[in-house]
Amino acid sequence: MTRIYRNMAAQDPDKPNSPSPGDATQPLVPETASNTSLPSQSAGTHAPDRRANPATASGNTLAAYRTDWTDFTRWCRRHGLDPLSSVPCPAPEIVGRYLASLADGDDHTGRRPLAVTTIERRLSGLVWNYAQRGLELDRRNRQIISVLADLRRHHARPPAQKTAIRAGEILAMVATLPHDLRGLRDRAMLLLGYAGGLRRSEIVGLDRHRDDAPESGGWVEIMPAGALLLLATRTGLREVEVGRGSSDRSCPVHALEQWLHFARIDSGPVFVATSRDGTRALGRRLNDRHVARLIKRTVLDAGIRSDLPEAERLALFSGHSLRAGLASFAETDERSLQSHLGHASVEVTRRYQRRRDRFRVNLTTATGL
């Protein structure tokens with residue numbers, strides 16, 4: 001094994017993690033904000049940005065927004081600018097210069113140039129942070145629009161996408177897992193995440209019943225025909241139906257039932273940490289990073305894409321590979337996939353698909369040409 005794999009294996013997947021920036025115990029506004037005086041004038045115009053609405057932002061999004069503000073204010077200090085004052089530069093001009101710098105990279109910090117989509121996401125974070133300080137930054141400001149248009153024109157590139165996992169590959173991955181309690185849990189997570197097209201946060205956010213925990217992301221109901229997952233979203237509950245598989249070996253519902261039975265989980269989080277020897281469930285909800293580590297580890301153990309160096313193989317796969325796998329290889333219509341994945345439109349679903357049935361409908365020949 002190479003050093004990369006040894007380093008990964010050395011990390012106990014069930015070891016308690018230090019609180020992440022998105023934990024509920026963290027403040028919604030950076031601690032430095034409390035010492036910042038709020039000017040009376042607006043930083044931009046009075047048009048609110050609905051894409052940066054704190055009432056609908058997830059914990060991970062809020063954590064990213066806090067990081068955005070830290071990076072932005074650090075950049076401002078290096079350039080002698082005050083992000084909360086209109087002197088000597090108004091906020092839209094400062095933000096525009098900052099966004100342009102993100103596309104060029106930063107020799108001072110060693111940061112690589114960011115993709116345009118990442119820069120646009122950073123802008124949403126800044127809009128949110130200005131709003132937390134009683135100010136409004138209008139992303140439709142002429143200076144900001146001009147910078148973004150220039151970035152799209154000169155720096156736009158296709159988004160980097162993680163590799164989608166096929167059904168045969170997910171079965172090879174679960175076959176590498178041991179048959180102790182930890183193996184039962186990880187097998188259920190992989191199969192349920194794949195068949196449900198779930199995000200890693202949705203997997204670890206599941207509870208056994210409704211209202212089992214205040215931080216619950218949803219709960220699961222097991223029925224004769226399958227499992228019904230009820231996921232908490234910004235707009236309400238989303239139902240995900242996970243049917244039973246063709247055999248116990250490939251059935252996500254059977255794997256879930258086995259884990260719940262032998263771990264004796266009757267309430268609370270579904271996927272919890274286990275003891276180091278893998279024989280006891282400890283009752284502590286897993287962090288979503290466990291899912292990403294689990295996927296990378298089992299991809300290596302199963303020998304998937306063994307034609308590539310190990311570092312490249314690890315870079316290809318992440319927690320999103322499960323969701324992309326269902327979107328790419330499920331033999332069903334796009335509307336069903338859209339509903340299953342909870343997308344607002346088919347166009348969003350198509351962005352998840354790594355394999356597309358292109359040109360199935362040829363409108364050129366349909367016109368008689």
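What share of the contacts in the protein with a separation of 6 or more comes from residues 24 or more positions apart? The answer is 62%. Keep that number in mind as we walk through the structure, which is a predicted model.

Let's start with the overall picture. The protein has 369 residues, and 44% of them count as buried. Its accessible surface comes to about 19,900 Å², and carbon and sulfur atoms own 50% of that. As for the building blocks, you can look for 15 helices and six strands.

Now find three of those strands: S2 (residues 218-223), S3 (residues 226-233) and S4 (residues 236-243). S2 and S3 run antiparallel, joined by six bridges, and the two form a hairpin with two residues between them. Carry on along the chain and you meet another hairpin, this time linking S3 to S4, again through two residues. S3 and S4 run antiparallel too, with eight bridges joining them.

So S3 has S2 as one partner and S4 as another. Leu230 is a handy spot to see this. Opposite Leu230 in S3 stands Trp219, and Leu230 also stands opposite Glu239 in S4. Is S3 largely enclosed or open, then? Six of its eight residues are buried, so the rest of the structure largely encloses this strand. While you're looking at strands, here's a general point: in a regular strand, side chains alternate between the two faces of the sheet.

Next, turn to the nonpolar residues inside. The largest nonpolar core has 44 residues, and the ones touching the most other members are Leu229, Trp259, Phe271 and Ile295. Which elements give two or more residues to this core? Strands S3, S4 and S5 (272-274) do, along with helices H6 (167-175), H7 (181-196), H8 (200-204), H9 (252-263) and H10 (289-301). H7 gives the most, with eight residues.

Ile295 is a nice residue to zoom in on. Leaving aside residues up to four places away in sequence, Ile295 touches Ile165, Met173, Leu190, Phe317, Ser318, Gly319 and Leu322. That's a good moment to think back to the opening question, where residues 24 or more positions apart made up 62% of the contacts with a separation of 6 or more.

That isn't the end of the story, though. There is also a second, separate core, made of 27 residues. Among its members are Phe72, Trp75, Val116 and Leu137.

Notes: Residues are numbered from 1 along each chain as its sequence is written. This is a predicted model: local features need pLDDT of at least 70, side-chain atom pairs count only at pLDDT 80 or more; totals for chains, interfaces and linings use all residues. Side-chain values use heavy atoms; hydrogens and water are left out. Helices (H or I, at least four residues) and strands (E, at least two) are DSSP runs, numbered from the N terminus. Buried means under 20% relative accessible area, exposed over 50%, partly exposed in between (1.4 Å probe, protein chains only). Contact means heavy atoms within 4.5 Å. Accessible areas come from the Shrake-Rupley method with a 1.4 Å probe; for residues, only the protein chains shown count as cover. Two strands pair if DSSP finds at least two bridges between them. A nonpolar core is a set of buried Ala, Val, Leu, Ile, Met, Phe, Trp, Tyr and Cys residues joined through side-chain atoms within 4.5 Å.
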